[in-house]
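User: I am new to this structure and would like to go through it step by step, with the reasoning spelled out. Could we begin once the sequence and structure are in view?

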Amino acid sequence: MLVLLDGLLVHFREPANLVKVLPGASLEINGELTEEARQIEDLTFTSDSNQLTVTFEALHQGYFLGGDMWRGRLIVGRDISPGQYNLSVIPRRTDSPRKAPAFRILVFPEALSIRKSSTSAVRRWFGVSAFAVAAGCLPGILLAFGAVYLLAGKREALLAAGGQAEIYQVIRGDDGYEIHFGLGTDHGISLGAKVAIF
């Protein structure tokens, strides 16, 4: 649960328009469409460096809010210097003051520095996604739950063989208490029988 929480908090602690890259990288990026851009041919970009370029691939609907978005690839030149850069995707022609948020591109010199900058403790320490670690834990968790279920059933059967059972529910009523336990007619308990409660 802690590993999953670590992975989920990354999305709240890092803005969606922050991109961490290495020189020579190529990765998929998404952005929202403004009203003046209805197709990918209407889009262009500006950046602080000629080593940062965007190729636009398609338009699509947003996953969560359902807005119009574009998808493309950010291509980072091999000769770019490490540092922070800004990149904006804008319509070729616009009269609107509304602009889509700019991307903040952080270029790191090597993979270890990207890892050390992560807001995820799991990625900083182990170099893998928190969700991958959580998925790796899942078989062990399922085995543990299965073992507990089987051992609990075995324990209950051993107790019943000795004429004992665990009380698993007590309900207070108007005339007293209703007590639930795992013994019945198969164990010699019948209506009117007396049982000792410990």
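Analyst: One definition is needed at the start: a residue is called buried under 20% relative accessible area, exposed over 50%, and partly exposed in between. Please also keep in mind that this is a predicted model.

User: With those cut-offs, is R155 buried, exposed or partly exposed?

Analyst: The relative accessible area of R155 is 47%. Because partly exposed covers the range between under 20% and over 50%, the term that applies to R155 is partly exposed.

User: Which residue does the side chain of R155 meet in a salt bridge?

Analyst: In general, side chains of opposite charge can pair when their charged atoms come close. The structure holds one salt bridge, and its N to O distance is 3.0 Å. The pair links distant parts of the chain, with R155 in helix 4 (residues 130–161) and its partner in the loop between helix 4 and strand 8, 11 residues apart. The partner, which counts as partly exposed at 46% relative accessibility, is E166.

User: Which strands each supply at least two residues of the largest nonpolar core?

Analyst: As a general tendency in soluble globular proteins, nonpolar side chains are buried together. Here the largest nonpolar core has 19 residues, and those with the most contacts inside it are V21, L52, W70, L74, L87, F103 and I105. The strands that each supply at least two residues of this core are strand 1 (18–21), strand 4, strand 5 (68–76), strand 6 (83–91) and strand 7 (103–107).

User: Leaving aside neighbours within four places in sequence, which residues is V21 in contact with?

Analyst: V21 is among the residues with the most contacts inside the largest nonpolar core. Once neighbours within four places in sequence are left aside, the residues in contact with V21 are L27, L74, V76, I105, L106, V107, F108 and I114.

User: Turning to the surface, which residues make the nonpolar patch of about 540 Å²?

Analyst: Strand 8 (167–172) and strand 9 (177–181) each supply at least two residues of the patch. Another member of the patch is V195, which is placed in the segment after strand 9 and counts as partly exposed at 40% relative accessibility. The full set is I167, V170, Y177, I179, V195 and I197.

User: Is S49 buried or exposed, and how far does a polar atom of its side chain lie from the backbone nitrogen of Q51?

Analyst: S49 is found in the loop between strand 3 (43–47) and strand 4 (52–61). Its relative accessible area is 12%, so S49 is buried, and beyond its neighbours within four places in sequence S49 is in contact with I80 and Y85. The distance from the backbone nitrogen of Q51 to a polar atom of the S49 side chain is 3.0 Å.

User: Which residue has its backbone nitrogen 3.1 Å from a polar atom of the side chain of S118?

Analyst: S118 is placed in the loop between helix 2 (111–117) and helix 3 (121–126), and at 9% relative accessibility S118 counts as buried. Leaving aside neighbours within four places in sequence, S118 is in contact with E14, K20, R123 and R124. The backbone nitrogen lying 3.1 Å from a polar atom of the S118 side chain belongs to S120.

User: Which residue in helix 3 is in contact with V3, when neighbours within four places in sequence are left aside?

Analyst: V3 is found in helix 1 (residues 2–13) and is partly exposed, with a relative accessible area of 22%. Leaving aside neighbours within four places in sequence, the contacts of V3 include A130, V133 and A134. The contact of V3 that is placed in helix 3, and that is buried with a relative accessible area of 8%, is V122.

User: How far apart in space are V3 and A135, C-alpha to C-alpha?

Analyst: Along the sequence, V3 and A135 are 132 residues apart. In space, the C-alpha to C-alpha separation of V3 and A135 is 9.9 Å.

User: And how far apart in space are L191 and T34, C-alpha to C-alpha?

Analyst: L191 is placed in the segment after strand 9, and its relative accessible area of 91% means that L191 is exposed. L191 and T34 are 157 residues apart in sequence. Their C-alpha to C-alpha distance in space is 76 Å.

Technical notes:
Residues are numbered from 1 along each chain as its sequence is written. This is a predicted model: local features need pLDDT of at least 70, side-chain atom pairs count only at pLDDT 80 or more; totals for chains, interfaces and linings use all residues. Side-chain values use heavy atoms; hydrogens and water are left out. Buried means under 20% relative accessible area, exposed over 50%, partly exposed in between (1.4 Å probe, protein chains only). Contact means heavy atoms within 4.5 Å. Patches are made of residues with over 30% relative accessible area and no salt bridge: like charges are joined within 9 Å, nonpolar side chains (Val, Leu, Ile, Met, Phe, Trp, Tyr) within 5 Å. Accessible areas come from the Shrake-Rupley method with a 1.4 Å probe; for residues, only the protein chains shown count as cover. A salt bridge is a side-chain nitrogen of Lys or Arg within 4 Å of a carboxyl oxygen of Asp or Glu. A polar contact is a pair of N or O atoms within 3.5 Å; within protein, one must be able to donate a hydrogen and the other to accept it, and residues adjacent in sequence count only if both atoms are side-chain atoms. A nonpolar core is a set of buried Ala, Val, Leu, Ile, Met, Phe, Trp, Tyr and Cys residues joined through side-chain atoms within 4.5 Å.
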